[in-house]
Amino acid sequence: MVRRQEARVSASEPRMRIRELLPTLFLGDHQPGPLNSLTDVPGIGASTQEITSTDKSINTGVTCITPREDWYYKACYAGLFSFNGYGEMTGAHELTESGLLYSPIILTGTFGIGAAHQGVLKYGVKTLGKSFMALPVVAETYDGYLHDCASFAVTPKNVVEGLESAKTGVAMDEGNSGGGNGMICHGFKGGNGSSSRRVKIPYRNETFTVACMVQANYGAMKDLRIAGVPVGRILADEVEQDGNRNKAKQELEKAKEEKDGSIIIIIATDAPLLPHQLTRIAKRGTVGVSRVGGIGHNMSGDIFLAFSTANEIPVNQPRLVEGESRSTIEKVKVVEDSAMSSLFEGTADCVEEAIYNSLFMAETMVGLDGHKVEALPLQRVKEIMKEYGRA
């Protein structure tokens, strides 16, 4: 087993994010943060690992996200939304019940979810002691078209190493990276994508960061839209004129019909929000997905989590001993609802862009059983966007 991209096919054109390919394209009123990444929210750490094999049958990985350095003792308020529930996110019941996140977030392939769950527990025991107890947050999308799921390639060790190497202040790897390594989006190679927005609240001297990362593994080619342009339908028509490419497209579509993909969206902000407000933020991930062409297919697991780093909620603290006293009242900051519309807008914009980045940065891959999934043809996309006056 090797952790490098043996299955990638050398691209004839360089990969780049959407803002690099289409620098004049309008992607919302709010400007991105300095990294245009989930890690623009201060304190968030992240790492990605790819797990591949020289025979190209194994193409999976692990993405690790830490909400803050001391996540086990200082919880974040959080909220969840399931746009379509044919998927898994462990720890979701407790998170919904308590409104608190005090676990790392791990994203991987469907068959890696058990090992990832155990990996968080192993990391916790290793770093925090045998009294460590948590219900880890682990989410999945299905990578079985390009990856041999029966290999059970993800191990708890991968997660331990991923959490130990998580870094703050560094942009997340995109495309065929981490848990997104074997994923497919809108008929092209997909995977990880990230983006952020600096949201200025109207009539207030306040600016907050909203950021997200996606593990994108959903959708049909014909439905792909970029800034409203029916790019996917145009490309699908062109593929149908090429016998070999059309055969591969039909094979992929048949496989996706039987076992569709999914999209996991992780949204973070430094705006002080309560759990019910974060649930509302999580719902707005749906707007970003729909702009790109996602409709929540029947077998798609589309699960969105939003959390805020603004308040530090004490958890797993030592119990009081006799004679000590401590108030049960916690003082927290909260944004009033009048600011929510701007945060909703920033959320939708950064989710939309993150999905584009997952497609634009992904590389063509040949995987399990010789299945080949091509990267989105960036120069052809640029030509189409010019034809529609968008570049």
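These questions and answers deal with the cavities of a predicted model and with its confidence scores.

Trainee: What does the protein chain average in pLDDT?
Mentor: The model is predicted, and each residue carries a confidence score. In this chain, 94% of the residues score at least 70. The average pLDDT over the protein chain is 93.

Trainee: Over which residues is the pLDDT below 50?
Mentor: Where pLDDT is low, the predicted coordinates should not be read in detail. The stretch in question has 29 contacts in the model beyond near neighbours in sequence. The pLDDT is below 50 over residues 1-7.

Trainee: How many cavities of 30 Å³ or more are there?
Mentor: A cavity is a set of points where a 1.4 Å probe fits but cannot get out. With the cut-off at 30 Å³ or more, the count is three.

Trainee: Which elements give two or more residues to the lining of the largest cavity?
Mentor: The largest cavity has a volume of about 70 Å³. Its lining includes Glu94 and Leu95, as well as Leu100 and Leu101. The elements that give two or more residues are α2 (92-98) and β4 (100-101).

Trainee: Which residue is the charged one in the lining of the largest cavity?
Mentor: By class, this lining has seven nonpolar, two polar and one charged residues. Asp, Glu, Lys and Arg count as charged. Among the lining residues, the one that fits is Glu94.

Trainee: Which residue is the charged one in the lining of the second largest cavity?
Mentor: The second largest cavity has a volume of about 50 Å³. Its lining divides into five nonpolar, five polar and one charged. His147 is in this lining, but His counts as polar. The charged residue is Asp143.

Definitions and conventions:
Residues are numbered from 1 along each chain as its sequence is written. This is a predicted model: local features need pLDDT of at least 70, side-chain atom pairs count only at pLDDT 80 or more; totals for chains, interfaces and linings use all residues. Side-chain values use heavy atoms; hydrogens and water are left out. On a 1 Å grid over the protein atoms alone, a cavity is a set of points where a 1.4 Å probe fits but cannot get out, and a pocket is an open set with protein on both sides within 12 Å along at least five of seven lines; lining residues have an atom within 4 Å of a point. Grid points are joined across faces, edges and corners, and a volume is the space filled by probe spheres set on the points. Helices (H or I, at least four residues) and strands (E, at least two) are DSSP runs, numbered from the N terminus. pLDDT is the predictor's confidence in each residue, from 0 to 100. Contact means heavy atoms within 4.5 Å.
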